[in-house]
Amino acid sequence: MAIQRTFSIIKPDATKRNLTGAIAAKFEAAGLRIVASKRIQMTLAQAETFYGVHSERPFFGELCEFMISEPIVVQVLEGEDAIAKNREVMGATNPADAADGTIRKEFALSIGENSVHGSDAPETAAEEIAFFFSGLELVG
Ligand code: GDP
């Protein structure tokens, strides 16, 4: 498997509880290199666009309001098989179902406030990286 890049968000529940470094350490321990990182405050319009695929879901409004409730940390992670590896270290969407040692098992509060986002495929990774980072911010 080749070196890939994936997109990650450290979500408001985690930044609020000062867990940015603890979560970054989990990525690094899993062999993922943080090649870009910044702390931002999303607007409601950005959150609605980013999560547009979920616009028909009953939790869409709650999800977007949550994502703008505090600053987030957006990151690009690089490594061997990075997309799958990141999903593995994140754990299941619902922390109740997440495996031991995963970020969501250790830190998530609920299925909604679940500490991290990670791209699920190469196409979404490319789109999501481009949504938050300019070419100038990405070192080759
Ligand atoms: P992910 O890829 O593991 O993040 O999961 P999904 O793509 O299915 O969902 C995107 C995000 O929507 C999740 O990470 C949660 O923050 C949120 N979400 C998913 N299901 C629910 C739900 O039943 N209730 C609430 N409040 N939020 C949810």
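This is a short dialogue on reading a ligand site and some aromatic pairs in a predicted model.

Colleague: Let's start with the ligand. Which residues are around it?

Modeller: The residues around the ligand are Lys11, His54, Phe59, Glu62, Leu63, Arg87, Thr93, Arg104, Ile111, Gly112 and Asn114. By type, this shell divides into three nonpolar, four polar and four charged residues. As for location, the ligand sits in the largest pocket.

Colleague: Which polar atoms should I look at beside the ligand's oxygen atoms?

Modeller: Try the side chains to begin with. Lys11 has a polar side-chain atom 2.9 Å from an oxygen atom of the ligand, and an N or O atom in the side chain of His54 is 3.2 Å from a ligand oxygen. Then look at the backbone: a polar backbone atom of Gly112 lies 2.9 Å from an oxygen atom of the ligand. Taken alone, the ligand exposes 550 Å², and the protein buries 79% of that.

Colleague: Now the rings, please. How is a pair of aromatic rings described?

Modeller: The description uses the distance of the centres and the angle of the planes. Searching the whole structure finds six aromatic pairs. In the pair of Phe50 and Tyr51, the ring centres are 5.0 Å apart and the planes are at 85°, so this pair is edge-to-face.

Colleague: And what about Phe50 and Phe131: how far apart are their ring centres?

Modeller: Their centres are 6.0 Å apart with the planes at 45°, so that pair is tilted.

Colleague: Are Phe50 and Tyr51 buried or exposed?

Modeller: Phe50 is buried, at a relative accessible area of 10%. Tyr51 is buried too, with 6%. The cut-off for buried is under 20%.

Notes. Residues numbered from 1 in each chain as written. Predicted model: local features only at pLDDT ≥ 70, side-chain atom pairs only at ≥ 80, totals over all residues. Heavy atoms only, no water. Near = heavy atom within 4 Å. Polar contact = N/O pair within 3.5 Å; in protein donor to acceptor, adjacent residues only side chain to side chain. Areas by Shrake-Rupley, 256 points an atom, 1.4 Å probe, with all protein chains shown as cover. 1 Å grid on protein atoms, 1.4 Å probe; cavity = no way out; pocket = protein on both sides within 12 Å on 5 of 7 lines; lining within 4 Å. Sits in = over half its atoms within 2 Å of the grid points. Nonpolar A, V, L, I, M, F, W, Y, C, P; charged D, E, K, R; others polar. Phe/Tyr/Trp six-rings, centres within 6.5 Å; stacked < 30°, edge-to-face > 60°. Buried < 20%, exposed > 50% of the residue type's maximum accessible area, 1.4 Å probe, protein only.
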